[in-house]
Amino acid sequence: MHLLPTLFLVFSAATLITASPIIQQGKRSGAAVIPLPARSTTHHSNSERVFNPEAARRERSRVLAKYAGKSFTPAAERNATIAKRSTLSGARRAPFDVHGRRASSGKDPLTDFLDKLYYGPLSVGTPAQSTTVDFDTGSSDLWLPLSSCSSCSGPTFEHKSSTTFNSSSAPFSLQYFDNSTAIGKIATDQVTVAGLTVPKQGFGAVTEVTGMFLGRPHAGLLGLGFPANAGSGATPFFINLAESGSLASNVFSFYMARNGGSGSELCIGCVNSAKYTGSIQYYNLDPSATNGEQKHWNIPSDGFSYNGGPSTGSLTAVIDSGTSAIIIPAAAAKALYATIPGAKAAPSLGPGLYTYPCNSNLGPITLSFNGDKYAINPVDFNLGHVSSGSSTCLAGIVAGDIEGIAIIGDEFMKNWYSVFDYDNRAVGFAKAV
């Protein structure tokens with residue numbers, strides 16, 4: 001199910017500072033650190049942490065629409081395959097670490113919109129024009145609105161002013177399960193993000209949008225997923241950088257601060273050891289979840305558990321920076337909440353939602369990979385009181401309807417520094433500072 005991500009990592013068009021890539025002498029040179037702004041809590045309607053049910057319903061709908069209709073291997077077949085393979089990668093070269101090694105890296109500040117979207121600048125064309133995109137590991141297409149699109153959010157791209165723009169007759173059509181669409185033609189032009197440039201990047205040159213694409217604070221979308229998930233057929237921007245040898249390391253990584261704290265960042269071509277403690281533990285991607293073709297940054301998981309109790313069962317975990325919540329199969333959610341004291345389904349608040357007593361002294365809620373348990377901070381799990389003065393709070397893991405697939409968003413990533421390793425086809429985690 002592919003919804004529009006709740007947590008959009010985007011660069012602010014208003015702040016058009018061009019980042020200077022980090023130079024690693026004698027090696028591939030490109031790396032860029034993009035600061036993310038401090039942010040408040042998405043689903044709270046005010047400073048008293050009262051839950052905003054409409055925001056949660058929209059988030060769930062976005063995510064389900066984003067992934068609905070995708071081709072996933074049936075759970076029974078997938079579990080048999082997962083059981084036969086190790087989720088741990090072998091020896092690997094450490095990625096380029098920017099901590100203490102940056103001489104003069106540029107920074108493109110990102111703008112935060114209601115704690116749901118992070119967006120920022122991308123430049124396209126010759127001469128360069130600035131627009132804004134959200135950066136989403138859960139999708140693979142780049143699409144940008146043309147100036148002829150009356151329904152699109154701006155800044156739009158005036159393609160006739162670019163000497164390097166080339167359009168094709170091939171149609172571009174991105175349609176989510178809820179019938180939200182972005183329609184146009186497939187085109188190429190020079191695209192730059194934070195000083196990192198692809199001269200002839202393929203993208204959807206959009207002339208019409210509908211549904212959830214209307215009224216967004218940013219203009220387009222830049223997917224960080226794999227080519228097999230790109231409806232346009234174009235190689236994604238990050239993978240073009242990686243395949244061309246432009247990056248110091250073929251990775252990107254996220255650090256997400258919580259509670260409005262500063263220091264959140266996206267590191268392209270690098271990691272930043274100042275943002276995590278200990279070592280990064282990697283887990284191989286699992287193409288068997290998508291019929292043997294790698295489409296998402298997904299890894300096998302042993303499932304969720306509460307306070308050391310039984311696991312909810314094997315899952316495929318899609319690590320999605322574009323989603324703020326955690327959405328898991330309905331059966332897994334039912335099993336998890338059955339072990340949390342006082343937790344109960346709350347259909348009156350919205351489909352897939354659960355509540356629990358606000359005064360609970362929660363034990364650890366963990367997501368497991370190959371036996372390694374990763375805890376979610378109770379602060380992130382608590383989406384707020386169901387109403388002002390209520391003793392009941394909304395729980396942060398939501399039930400969805402994709403069998404065997406869990407969408408793991410920034411509720412998890414705020415706890416764990418997340419590294420996306422293209423060369424080794426793996427995702428790594430370390431404890432975030």
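Which residues do ring pairs link into a cluster? Let's work through that and a few more exercises on this predicted model.

Some ground rules come before the solutions. Residues are numbered from 1 along each chain as its sequence is written, and side-chain values use heavy atoms, with hydrogens and water left out. Since the model is predicted, local features need pLDDT of at least 70 and side-chain atom pairs count only at pLDDT 80 or more, while totals for chains, interfaces and linings use all residues.

**Exercise 1. Find the ring cluster, then classify two aromatic pairs.**

Step 1: Start with the criterion: rings of Phe, Tyr and Trp (its six-membered ring) pair if their centres lie within 6.5 Å; planes under 30 degrees apart are stacked, over 60 edge-to-face, and the rest tilted.

Step 2: The cluster is made of Phe226, Phe238, Phe252, Phe254, Trp297, Phe420 and Tyr422, linked by ring pairs. In total, the structure holds 27 aromatic pairs.

Step 3: Take phenylalanine 157 and phenylalanine 165: with 5.9 Å centre to centre and 70° between the planes, they're edge-to-face. Phenylalanine 157 counts as buried at 1% relative accessibility (buried means under 20% relative accessible area and exposed over 50%, with partly exposed in between, using a 1.4 Å probe and protein chains only). Phenylalanine 165 is buried too, at 14%.

Step 4: Now tyrosine 283 and phenylalanine 429: the centres are 6.3 Å apart and the planes at 40°, so this pair is tilted. It links distant parts of the chain, with tyrosine 283 in strand 13 (residues 276–284) and phenylalanine 429 in strand 27 (residues 426–432), 146 residues apart. Strands here are DSSP runs (E, at least two residues), as helices are (H or I, at least four), numbered from the N terminus.

**Exercise 2. Which rings have the charged ends of arginine 425 and lysine 431 over them?**

Step 1: The test is NZ of Lys or CZ of Arg within 6 Å of the ring centre and within 35 degrees of the ring normal.

Step 2: Arginine 425 has its charged end over the ring of tyrosine 422, 4.2 Å from the centre.

Step 3: For lysine 431, the ring is that of tryptophan 416, and the distance to its centre is 4.7 Å.

**Exercise 3. Work out how strand 16 is enclosed and what it pairs with.**

Step 1: Five of the five residues of strand 16 (residues 315–319) are buried, so the rest of the structure largely encloses it.

Step 2: Check the faces: Leu315, Ala317 and Ile319 are buried on one side, and Thr316 and Val318 on the other.

Step 3: Look for partners (two strands pair if DSSP finds at least two bridges between them). Strand 14 (residues 298–301) runs antiparallel to strand 16 and is joined to it by four bridges. Strand 25 (residues 405–408) also pairs with strand 16 over four bridges, but in the parallel sense.

Step 4: Valine 318 ties this together: asparagine 298 stands opposite it, and valine 318 also stands opposite isoleucine 407 in strand 25.

**Exercise 4. Sort helix 4 into its buried and exposed sides.**

Step 1: In helix 4 (residues 330–337), the buried residues are Ala332, Ala333, Leu336 and Tyr337.

Step 2: These residues cover an arc of only 125° around the axis, which puts them on the same side of helix 4 (the arc is taken from the directions from the helix axis to the C-beta atoms).

Step 3: Ala331 and Lys334 are exposed on the other side of helix 4.
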